[in-house]
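Hi there,

Here is the structure I promised to pass on to you. Have a look at it first, and my notes follow just below.

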Amino acid sequence: MSQDFSLSLPDLTDKTVIVTGANSGIGYHTACELGKAHATVILACRNLDKGNDALKRMQENIKGDNLHLMSLDLSDLSSVRDFVKDFTDKFSKLDILINNAGIMAIPKRTLNNQGWEIQFATNHLGHYALTGLLLSHLLKTDSSRVVTVSSLAHGRGQINLKDLQGEKHYSPWQAYAQTKLANLLFAFELDRLLKENKLSPISVACHPGVSKTNIISTGVQVDGQMTLIGQFMTAMTGIFAQSDYAGALPTIWAATDKSVAGGCYYGPDGIGEVRGLPKLVKAKSKAYDVKLAKNLWLLSQELTGVNFEFN
Ligand SMILES: NC(=O)c1ccc[n+]([C@@H]2O[C@H](COP(=O)([O-])OP(=O)(O)OC[C@H]3O[C@@H](n4cnc5c(N)ncnc54)[C@H](OP(=O)(O)O)[C@@H]3O)[C@@H](O)[C@H]2O)c1
């Protein structure tokens with residue numbers, strides 16, 4: 001799909017949006033398109049040099065002062081707390097939170113400052129904590145929504161509640177798939193809790209099919225060298241993957257379309273949901289397992305110390 005394809009977005013002038021991982025791939029195009037539709041967009045990035053570079057490229061097409069770069073390292077709980085303080089000091093409401101940032105298949109088990117496995121910390125726990133700490137802002141904003149970016153990889157995922165951090169056994173791909181299943185369990189459980197508490201925000205999920213982004217080159221390396229599987233995947237995505245712009249369309253759709261309903265999941269409409277235009281899709285049944293979602297929620301709450309205050 002060419003970049004000429006464009007969703008016709010509503011005017012987003014009064015909307016405040018956070019996009020995590022906005023300097024690259026899906027997050028970059030999502031932030032750019034929402035910015036073009038006049039939303040106030042916060043680019044939440046871990047590397048401010050890369051963030052600044054992305055901001056400059058976006059500003060070639062967006063002339064207003066509606067784009068803001070802020071520092072956020074999702075793998076570090078203290079950075080998540082600092083970001084939320086900084087954001088809530090500056091902005092009085094939050095219309096759309098896009099939990100997009102992610103890393104994939106880190107070859108050697110790596111721990112963050114809190115001692116958590118880095119993929120679980122970044123892809124799931126960081127977004128869990130970020131959303132919980134921003135909940136009061138979401139609750140005081142009319143029709144706000146949380147969009148969480150998952151993956152087809154959730155289908156291979158299992159939540160290993162006895163070894164969430166891969167201490168006993170670490171597989172890079174299983175660890176990634178676990179986080180992408182966790183993203184869906186989190187997104188759907190959040191929506192159930194919002195509904196139970198009769199609150200207006202919605203929580204939805206999406207996935208970009210298979211898209212050409214930096215996620216392979218960032219993750220699948222040992223000592224700066226791409227692993228064999230990384231080389232294979234780069235070759236395969238070169239052939240089969242859609243552009244990063246096309247990959248961003250389900251996220252943009254989930255974030256802005258009026259038809260989007262809480263608890264739903266959006267992805268590409270092509271064969272196997274690998275590429276195409278956004279449509280409503282269905283996750284594997286394990287993503288709708290309420291008991292598993294509640295167990296994961298409790299563990300995430302215990303680990304991060306972040307409690308969602310629904311009233
Ligand atoms: N590409 C695909 O085919 C595909 C398929 C399924 C799902 N996804 C999902 O799509 C989402 C976006 O990935 P992408 O494909 O666009 O990859 P990408 O181009 O590598 O972008 C990932 C973004 O996340 C940021 N990030 C990584 N760790 C972070 C941290 N600790 N704190 C804050 N930001 C962090 C990266 O920052 P740096 O630039 O500093 O690394 C980058 O901005 C991910 O959730 C991924 O799981 C992608």
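Let me start with the ligand. This is a predicted model, and in it 31 residues surround the ligand. The closest of them are Gly21, Gly25, Gly102, Ser151 and Thr213. Two elements give two or more residues to this shell: helix H1 (25-36) and helix H6 (215-219). H1 gives the most, with 3 residues. As for the chemistry around the ligand, the shell divides into 18 polar, 10 nonpolar and 3 charged residues.

The other part I went through is helix H9, which runs over residues 290-304. H9 has 15 residues, and from its first C-alpha to its last it reaches 21 Å, close to the 21 Å expected at 1.5 Å a residue.

Which residues of H9 are buried? They are Ala293, Leu296, Ser300, Leu303 and Thr304. Looking down the axis of H9, you will find these buried residues within an arc of 95 degrees, so they line one face of the helix. That buried set packs against three helices: H3 (77-90), H4 (118-139) and H5 (172-196). On the other side of H9, the exposed residues are Val290, Lys291, Leu298 and Glu302.

One last detail for when you look at the backbone: glycine 305, just after H9, takes a positive phi of about 70 degrees.

Happy to talk any of this through whenever it suits you.

Best wishes

Key. Residues numbered from 1 in each chain as written. Predicted model: local features only at pLDDT ≥ 70, side-chain atom pairs only at ≥ 80, totals over all residues. Near = placed C-beta within 6 Å. Helix = DSSP H or I, 4+ residues; strand = E, 2+ residues; numbered from the N terminus. Nonpolar A, V, L, I, M, F, W, Y, C, P; charged D, E, K, R; others polar. Expected span 1.5 Å × (residues − 1). Buried ≥ 20, exposed ≤ 12 C-beta atoms within 10 Å, placed from the backbone. Arc of directions from axis to C-beta. Contact = placed C-beta atoms within 7 Å.
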